[in-house]
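Here are some notes for your reading of this model, set out as numbered points. Please go through them with the coordinates open.

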Amino acid sequence: QPIPPLCKDEFNNRQVTDGKVGEIVVHGDHVLKSYLGAVGDEENKFQVDGKVWHRTGDLAYFDDQRRLWLLGRCTAKITNGTQTIYPFAVETAAMQSVLVKRAALCQHNDKNILVIESKAHYDNVQKSLEEIMLKFNIDKLLLQKIPLDKRHNAKVDYPALMKSLNSIKV
């Protein structure tokens with residue numbers, strides 16, 4: 001949802017408190033005031049007292065020591081009834097295994113699917129991720145190449161991943 005221009009007090013009232021999840025927004029000389037041709041500005045830029053802020057599209061929270069904990073893309077968040085799963089947290093935990101090159105978590109046909117890129121045998125990968133799968137209610141583990149966003153070669157291209165899952169009838 002686009003954010004309308006705000007005054008400082010309105011902006012401060014929208015900020016989340018410690019432990020609450022919110023979107024990371026940034027402001028400063030390093031932040032572009034507009035995209036080329038203003039394409040995407042309405043969704044990704046907003047103003048506070050006339051100063052341009054950028055919405056990163058990433059979720060995070062501050063803990064009680066004011067450390068910032070990244071949770072991943074806003075659009076990747078998975079909600080099942082009362083439970084919310086942040087794929088970045090699951091993917092980061094999965095990538096602690098030496099058998100995992102890359103990981104991506106998504107919801108497909110109401111199932112939590114953990115896609116793993118690995119050269120190891122499926123049984124070995126499954127065994128190394130057993131605890132994570134239980135902790136995060138993962139319904140299925142798949143081994144396949146994970147598509148990356150062409151703009152950010154380290155970020156999962158979730159729409160392309162979903163398309164690949166549709167093509168193999170998971």
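1. Cysteine 106 is buried in this predicted model, because its relative accessible area is 5% and the cut-off for burial is under 20%. Cysteine 7, by contrast, counts as partly exposed, with a relative accessibility of 31%.

2. Is any pairing of these sulfurs to be considered, and what does a search of the whole structure find? It finds zero disulfides. Cysteine 106 accordingly takes part in none, and the cysteine sulfur nearest to that of cysteine 106 belongs to cysteine 74, at a distance of 17 Å, whereas a disulfide would need the two sulfur atoms to lie within 2.5 Å.

3. Helix 6, which spans residues 158–167, has Tyr158, Leu161 and Leu165 among its buried residues. These three lie on the same side of helix 6, because they cover an arc of only 55 degrees around the axis. In general, an α-helix has 3.6 residues a turn, so residues three or four places apart point the same way. On the other side of helix 6, Pro159, Lys163 and Ser167 are exposed.

4. The cover over the buried residues of helix 6 includes helix 3 (87–94) and strand 9 (140–143), together with strand 7 (102–108) and strand 8 (111–117).

5. On the surface, Phe62, Leu68, Leu70 and Phe88 make a nonpolar patch of about 340 Å². One of these residues, leucine 68, is placed in strand 4, which runs over residues 68–73, and leucine 68 counts as partly exposed because its relative accessibility is 44%.

Definitions and conventions. Residues numbered from 1 in each chain as written. Predicted model: local features only at pLDDT ≥ 70, side-chain atom pairs only at ≥ 80, totals over all residues. Heavy atoms only, no water. Buried < 20%, exposed > 50% of the residue type's maximum accessible area, 1.4 Å probe, protein only. Patch = residues over 30% accessible without salt bridge, like charges linked within 9 Å, V, L, I, M, F, W, Y side chains within 5 Å. Areas by Shrake-Rupley, 256 points an atom, 1.4 Å probe, with all protein chains shown as cover. Salt bridge = Lys/Arg side-chain N within 4 Å of Asp/Glu carboxyl O. Helix = DSSP H or I, 4+ residues; strand = E, 2+ residues; numbered from the N terminus. Arc of directions from axis to C-beta. Contact = heavy atoms within 4.5 Å.
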